[in-house]
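Student: I would like to learn how to read sheets, pockets and cavities in a model. Can we take one example and work through it?

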Amino acid sequence: MAFLQKRFFNQTRSQATLLKETSGFFTLGLLSFLALMFVILIGFSLLSTGIKNITGSQSTCLKALILTQKELGKTLTQLLKLNQSSQRLNKARKVVDRAIVIATGSLVLASTLPALKTKQNILKALQKDLILKQKDFLFQSLIIKKRGFQKLKKSLKLFKVKSIREMNFYKKALAVEKEKIGKDSYIYHPVQDFKQRQKIEVFWKLPVFYPLEKELKWFLTHKQIKSFEYSCVVTLKKKGEKWVSLVYH
């Protein structure tokens, strides 16, 4: 009888130990599964957040540069329209200058000199006024480009981007060159390879794990939390009589 009781006790004890071990393995497996799911959720969150920030920042950049180039295109159109006035005033100036030379050497035409010089002074004033208008359009283009870049920087900061820079910030806002056609007479025209020279190219760095950087500092070192560089480029292209913005590749 004692033997049977001892055997029953041992069997019961073995079953309890087995049940305890099985329960332990189940708990360990459950914890491992939950940990894996937690890692997967974090990874998915990081991936979706990263994609959202990348696409959002690039879309913001393109919209801003397209708008800036559109405004620059209007200014360029106005600047180039002044070429006709410059050429017309130059022709009139040449005619008056030549008439003054002829009248100076002629006793018969000497009486016309005062009127000719008056016309010459009027033409000089008109030419100088035109030059000021040309310079004003060039200055306006610089303001447009600078203002557009400042607005873009402000918008990109919403994505916590870093190191925002414009590659061609210090070059002319309009890729044009000046040509002298006569006394106090200048015209402007687009440079060769205008599309390349006119482009505005902006670069920025974006933290991969934003907005989870603070939480990840518990798990990753500062060197492991990296930022990758992105960019967008927009230029101008002539389409008919207008200049239109073009995403540059």
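**Reading pockets, cavities and a sheet**

Tutor: Start with a shared lining. Helix 1 and helix 2 each supply at least two residues of the lining of the second largest pocket. Bear in mind that this is a predicted model.

Student: Which helix gives the most to the lining of the second largest pocket?

Tutor: Helix 2, with six residues. The lining consists of Thr60, Ala64, Leu67, Thr68, Glu71, Ile144, Arg147, Gly148, Lys151, Leu152 and Ser155. By class, that makes four nonpolar, four polar and three charged residues. The volume is about 150 Å³.

Student: What is the volume of the largest pocket, and which residues line it?

Tutor: Its volume is about 230 Å³. Thr77, Leu80, Lys81, Asn83, Gln84, Tyr188, His189, Pro190, Lys238, Glu241 and Trp243 form the lining. Next, ask which elements contribute. Helix 1 (2-104) and strand 3 (185-190) each bring at least two residues. Helix 1 has the largest share, five residues. Four nonpolar, four polar and three charged residues make up this lining.

Student: Trp243 is in that list. With which residue does Trp243 form an aromatic pair?

Tutor: With Phe194. The search of the whole structure finds one aromatic pair. Its ring centres are 4.9 Å apart, with 50° between the planes. Planes under 30 degrees apart would be stacked and those over 60 edge-to-face, so this pair counts as tilted. Then check the separation along the chain. Phe194 is in helix 3 (residues 194-198) and Trp243 in strand 6, 49 residues apart, so the pair links distant parts of the chain.

Student: Now the sheet. In what order do the strands lie?

Tutor: Read the order across the sheet. Here it is 1-4-5-6, four strands in an open sheet with antiparallel pairing. Look at the edges next. Strand 1 (162-166) and strand 6 (242-247) each have a single partner strand, so one side of each has no neighbour in the sheet. On average, neighbouring strands are turned by 15° against each other, direction ignored.

Student: How many bridges join strand 4 to strand 5?

Tutor: Eight, between residues 200-207 and residues 227-239. For a landmark, take Leu206, which stands opposite Phe228 in strand 5.

Student: Which helix lies across strand 1 and strand 4?

Tutor: Helix 2 (residues 113-156). Its angle to strand 1 is about 160°.

Student: That leaves the cavities. How many of 30 Å³ or more does the structure hold?

Tutor: Two. The largest has a volume of about 40 Å³. Its lining is Leu65, Thr68, Lys145, Gly148, Phe149, Glu166, Ile200 and Val202. Helix 1, helix 2 and strand 4 are the elements that give two or more of these residues. Helix 2 gives the most, three. The classes are four nonpolar, two polar and two charged. Cross-check the lists too: Thr68 and Gly148 line this cavity, and Thr68 and Gly148 also appear in the lining of the second largest pocket.

Student: Which residues line the second largest cavity?

Tutor: Ser86, Leu89, Gln127, Leu130, Ile131, Gln134, Asp184, Ser185 and Tyr186. Helix 1, helix 2 and strand 3 each give two or more residues to this lining. Helix 2 again gives the most, with four. About 30 Å³ of space lies inside. By class, the lining divides into four nonpolar, four polar and one charged.

Conventions: Residues numbered from 1 in each chain as written. Predicted model: local features only at pLDDT ≥ 70, side-chain atom pairs only at ≥ 80, totals over all residues. Heavy atoms only, no water. Pairing = 2+ DSSP bridges. Axes fitted to C-alpha atoms, helices over the stretch in contact; angles between N-to-C directions. Contact = heavy atoms within 4.5 Å. 1 Å grid on protein atoms, 1.4 Å probe; cavity = no way out; pocket = protein on both sides within 12 Å on 5 of 7 lines; lining within 4 Å. Points joined across faces, edges and corners; volume = space filled by probe spheres on them. Nonpolar A, V, L, I, M, F, W, Y, C, P; charged D, E, K, R; others polar. Phe/Tyr/Trp six-rings, centres within 6.5 Å; stacked < 30°, edge-to-face > 60°.
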